[in-house]
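User: I would like to learn how to read pockets, cores and backbone angles in a model. Please take me through one case.

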Amino acid sequence: MVRTRILGIDPGSRLTGYGIVESDGHRSVHILNGCVRAGSGPLPERLGIIYGELEAIVAEYGPGELAVEAVFVARNASAALKLGHARGAAICAGVGHGLPVSEYSARLVKQALVGSGSADKVQVRHMVSRLLSVDENLQEDAADALAVALCHAHTRATLARYRIARLHR
């Protein structure tokens, strides 16, 4: 399988994590991680910051695919809507560069990396550090974004193998 750069996004209206890995489906290499700090101003301004910073990252690092965590709606509908707006700004930054977008639930990401959909953030951060050989103390949101990228790397490789197997039946 061809090596592909994947931009993973952990969206938030105040803090959006991002992480880029390069993967062939078997091995993944850490390229970049960090957080877009949108602050606490009006929502439209925060969305503009998220879009602008992620668009610049896409332009500079040239990922080929975008993977984003899906919105989870619990009790607070207002927070879910703001999170949805932040996801939209992040997705638009990638789609504007022609990136295909894949979405993964937090539970699926945890299952793919830790083996349990109910894993906590410490376990996810630990596995991301181990899988990518990253010694730095990863920020929580950046680690989550790298986890989304890794989940996509593993999932896309499995789907590609499945498509090949179906062709050879």
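User: Which helix gives the most to the lining of the second largest pocket?

Analyst: Note beforehand that this is a predicted model. The general idea is that rolling a probe the size of a water molecule over the atoms shows where empty space is left. Here, α5 gives the most to the lining of the second largest pocket, with four residues. Helices α3 (106-114), α4 and α5 each supply at least two residues of that lining.

User: What is the volume of the second largest pocket, and which residues lie nearest its centre?

Analyst: Its volume is about 180 Å³. The second largest pocket has 13 lining residues, and Glu69, Ala106, Lys110, Lys121 and Asp144 lie nearest its centre. By class, the lining has eight charged residues, five nonpolar ones and no polar ones.

User: How should the largest pocket be read, and which residues line it?

Analyst: Take the volume, then the lining, then the classes. The largest pocket has a volume of about 210 Å³. Its lining consists of Asp10, Pro11, Gly12, Ser13, Glu69, Ala70, Val71, Phe72, Ala79, Lys82, Leu83 and Ala106. Helix α2 (residues 77-95) provides the largest share, three residues. By class, seven lining residues are nonpolar, two are polar and three are charged.

User: Which residues touch the most other members in the largest nonpolar core?

Analyst: A core of this kind joins buried nonpolar residues through side-chain atoms within 4.5 Å. The largest one here has 21 residues, of which Leu7, Ile9, Tyr18, Ile50, Leu54, Ile57 and Leu66 touch the most other members. Two or more residues come from each of β1 (4-10), β2 (15-23), β3 (28-37), α1 (43-61), β4 (65-69) and α2. Helix α1 gives the most to this core, with six residues.

User: What does Leu66 touch, leaving out residues up to four places away in sequence?

Analyst: On that count, Leu66 touches Leu7, Ile9, Ala90, Ile91, Gly94, Leu99, Pro100, Val101 and Ser102. There is also a second, separate core of 19 residues, with Leu113, Leu146, Ala149 and Cys151 among them.

User: What is unusual about the phi of Ser133, and where is Ser133 placed?

Analyst: Most residues other than glycine have a negative phi. Ser133 is not a glycine, yet its phi is positive, about 50°. Ser133 sits in the loop between α4 (121-132) and α5 (140-167).

User: Is Ser133 buried or exposed?

Analyst: Ser133 counts as exposed because its relative accessibility is 62%, and the cut-off for exposed is over 50%.

Technical notes:
Residues are numbered from 1 along each chain as its sequence is written. This is a predicted model: local features need pLDDT of at least 70, side-chain atom pairs count only at pLDDT 80 or more; totals for chains, interfaces and linings use all residues. Side-chain values use heavy atoms; hydrogens and water are left out. Buried means under 20% relative accessible area, exposed over 50%, partly exposed in between (1.4 Å probe, protein chains only). On a 1 Å grid over the protein atoms alone, a cavity is a set of points where a 1.4 Å probe fits but cannot get out, and a pocket is an open set with protein on both sides within 12 Å along at least five of seven lines; lining residues have an atom within 4 Å of a point. Grid points are joined across faces, edges and corners, and a volume is the space filled by probe spheres set on the points. Ala, Val, Leu, Ile, Met, Phe, Trp, Tyr, Cys and Pro count as nonpolar, Asp, Glu, Lys and Arg as charged, and the others, Gly among them, as polar. Contact means heavy atoms within 4.5 Å.
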